[in-house]
Amino acid sequence: MELEKISPEELDYLLADGWRHFGTFFFRDMMSWNQGKLSEIIPLRINLARFKFSKSQRKTIRKNGDTRMIFREAFIDEEKENLFYKHCVRFTHNVPQSIYDFLSPHPARVPCHTVECCLFDENNKLYAVSFLDVGAQSSSSVYAMFDPAYSKRSPGLHTLLAEIMFSLENKLSYLYTGYAFKESSHYDYKKNFQGTEYYNWNGIWRIL
């Protein structure tokens, strides 16, 4: 369904019922292709009251101690579009065509409130960005991208950990991390956060 504007409370409700969105297009898919096989999707979220950083997650934060990180209202400019195309080089199939496949032209307010987490190196070069929807009681990680030249810094994990810290600081209850599959896939890293729950498609969230 197409929704141009939703309230923070409406966003919470849709997320809790397994919905996701790219731009103004909201969808609720239960199956998708995983390594050539049609597989069941399991929506995931972190119950922030039960979350604790693992040793490896704390190590990722420490090794990026020289990184400048900021949260601000989300917007798209030429610098971020160039970063998106660098990020796409990592993919061999289902390569996205545009950052606007995931975000509206005015992501800070359409269709909901969205902030961005930006990582800058010691020379103030932007090398990673993630986009986070913010509801009344929950947040949702929409999309993350980074320059592959900085892969050793684990920027995708770093921005997700930063989103967790942002959500905790803003006293939110849940961070929705997207989805994975019941079978093994390249989304399995999302299962490695303490407090992770999955949706059973019958209105119930269970501990993973």
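This section describes the nonpolar core, the enclosed and open spaces, and one helix of a predicted model.

The largest nonpolar core holds 16 residues, and those that touch the most other members are F84, I99, L103, V129, F131, Y143 and M145. At least two residues of this core come from each of α3 (78–88), β6 (114–120), β7 (126–134) and β8 (138–146). In soluble globular proteins, nonpolar side chains tend to be buried together. When residues up to four places away in sequence are not counted, F84 touches P96, Q97, S98, I99, F102, Y143 and M145. Among these contacts of F84, I99, Y143 and M145 are also listed with the core members that touch the most others.

A search of the whole structure returned one cavity of 30 Å³ or more. The space in the largest cavity amounts to about 40 Å³. Its lining is formed by H21, G23, F102, L103, S104, P107, V110, P111, T114 and D133, and comprises five nonpolar residues, four polar residues and one charged residue. L103 thus appears both in this lining and in the largest nonpolar core.

C112 is placed in the loop between α3 and β6. With a relative accessibility of 2%, C112 counts as buried, because the cut-off for burial is under 20%. Apart from neighbours within four places in sequence, the contacts of C112 are I6, L11, H21, P107 and D133. Of these contacts, H21, P107 and D133 also line the largest cavity. C112 and Y189 lie 77 residues apart along the chain, and their C-alpha atoms are separated by 27 Å.

The largest pocket has a volume of about 1,500 Å³. Its lining consists of 49 residues, and Y143, Y179, H186, Y187 and K190 lie nearest the centre of the pocket. By residue class, the lining of this pocket divides into 25 nonpolar, 17 polar and seven charged residues. At least two lining residues are supplied by each of β1 (20–22), β2 (25–27), β3 (31–34), β4 (37–47), β7, β8, α4 and β9 (174–181). The largest share of the lining, seven residues, is contributed by β8. Y143 is one of the residues nearest the pocket centre and is also listed among the members of the largest nonpolar core that touch the most others.

Helix α4 comprises 15 residues (155–169); at 1.5 Å a residue it should span 21 Å, and the 21 Å between its end C-alpha atoms agrees with this. The buried residues of α4 are P155, H158, T159, L160, L161, A162, E163, I164, F166 and S167. K171, just after α4, adopts a positive phi of about 55°.

How values were computed
Residues are numbered from 1 along each chain as its sequence is written. This is a predicted model: local features need pLDDT of at least 70, side-chain atom pairs count only at pLDDT 80 or more; totals for chains, interfaces and linings use all residues. Side-chain values use heavy atoms; hydrogens and water are left out. Helices (H or I, at least four residues) and strands (E, at least two) are DSSP runs, numbered from the N terminus. The expected span of a helix is 1.5 Å times one less than its number of residues. Buried means under 20% relative accessible area, exposed over 50%, partly exposed in between (1.4 Å probe, protein chains only). On a 1 Å grid over the protein atoms alone, a cavity is a set of points where a 1.4 Å probe fits but cannot get out, and a pocket is an open set with protein on both sides within 12 Å along at least five of seven lines; lining residues have an atom within 4 Å of a point. Grid points are joined across faces, edges and corners, and a volume is the space filled by probe spheres set on the points. Ala, Val, Leu, Ile, Met, Phe, Trp, Tyr, Cys and Pro count as nonpolar, Asp, Glu, Lys and Arg as charged, and the others, Gly among them, as polar. A nonpolar core is a set of buried Ala, Val, Leu, Ile, Met, Phe, Trp, Tyr and Cys residues joined through side-chain atoms within 4.5 Å. Contact means heavy atoms within 4.5 Å.
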